[in-house]
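Biologist: I am new to this structure and should be grateful for a close look at a single part of it. Please take one helix and explain how it is placed in the protein chain.

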Amino acid sequence: MGKSISKHHEEYKRDKIKCRGMVEKYSFKQGVGKKRYFILKENTFGYSKSKDMPLSHVIQIDQTFKILYENLEKCEIGIECTNKRGENALWKLFFSSQKSTEKWSEKLKKAVRPVWQDPNSDRCTVCDKNFQVFRRQHHCRKCGKVICSAHCRVIEGLPELGYKEKVKICSNCVNRIGNINGVERAKSLSERESLRASMFKHNSVFLSPQSMLE
Ligand SMILES: [Zn+2]
Ligand SMILES: [Zn+2]
């Protein structure tokens, strides 16, 4: 038990806690299920044997932290992460009810959303062109990178990150999502923008590409 990562619950500021409660954790490596008191914070996921004990295990929510699947009927969520020994770990988490599974699922998905790239970045990640009035900047919800309108696509939600609504993602991520569902459901924002541009010629009203989404 590393002292540096072991913290009492009181040290965990309440407002930073996203979710907490007893969860049964099944580790594939150990082949056993154990009930633990879990606390999800903005960047960490930790647990202890009971509510009143210091956290014995805290893992970082980084790029290696993934939600592999969820089964609401079985009250189960599968995650992949890097454990405190720096090893890849696969856990099955079992919750007390469907409602609790949904709550944890929503919070975990939000916690794994990428950190957005600095909006002061002046070039599109895909084409490296400068942003300007007619080449607006967008943020990809999947990878967090800044992109121009030509490389921004709108898709019908990203369930793995808890987005049910239409979201903007970059063309790189569309390619990465690939044939699963991304390309079929992707709609080109640039097409819509050229449509807006042709409207702009006839009307003297400027419609920002942003307004089509928000
Ligand atoms: Zn671009
Ligand atoms: Zn992306």
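Modeller: A residue is called buried if 20 or more other C-beta atoms lie within 10 Å of its own, exposed if 12 or fewer, and partly exposed in between, with C-beta atoms placed from the backbone. The model is predicted, so local features need pLDDT of at least 70 and side-chain atom pairs count only at pLDDT 80 or more, while totals for chains, interfaces and linings use all residues. Residues are numbered from 1 along each chain as its sequence is written, and chains are lettered from A and ligands numbered from 1 in the order in which they are written.

Helices (H or I, at least four residues) and strands (E, at least two) are DSSP runs numbered from the N terminus. The helix chosen here is H1, residues 98-111. Its buried residues are Thr101, Trp104, Leu108 and Ala111. They lie on the same side of H1 because they cover an arc of only 95 degrees around the axis, the arc being that of the directions from the helix axis to the C-beta atoms. The face turned away from this buried side carries the exposed residues Gln98 and Lys99.

Strands S1 (17-27), S2 (32-41), S5 (66-71) and S6 (76-82) are among what covers the buried residues of H1. Contact here requires C-beta atoms, placed from the backbone, within 7 Å. Leaving aside residues up to four places away in sequence, Leu40 touches several residues, including Lys107, Leu108 and Ala111. In the protein chain as a whole, buried residues make up 21% of the 214 residues.

Terms used. Expected span 1.5 Å × (residues − 1). Contact = placed C-beta atoms within 7 Å.
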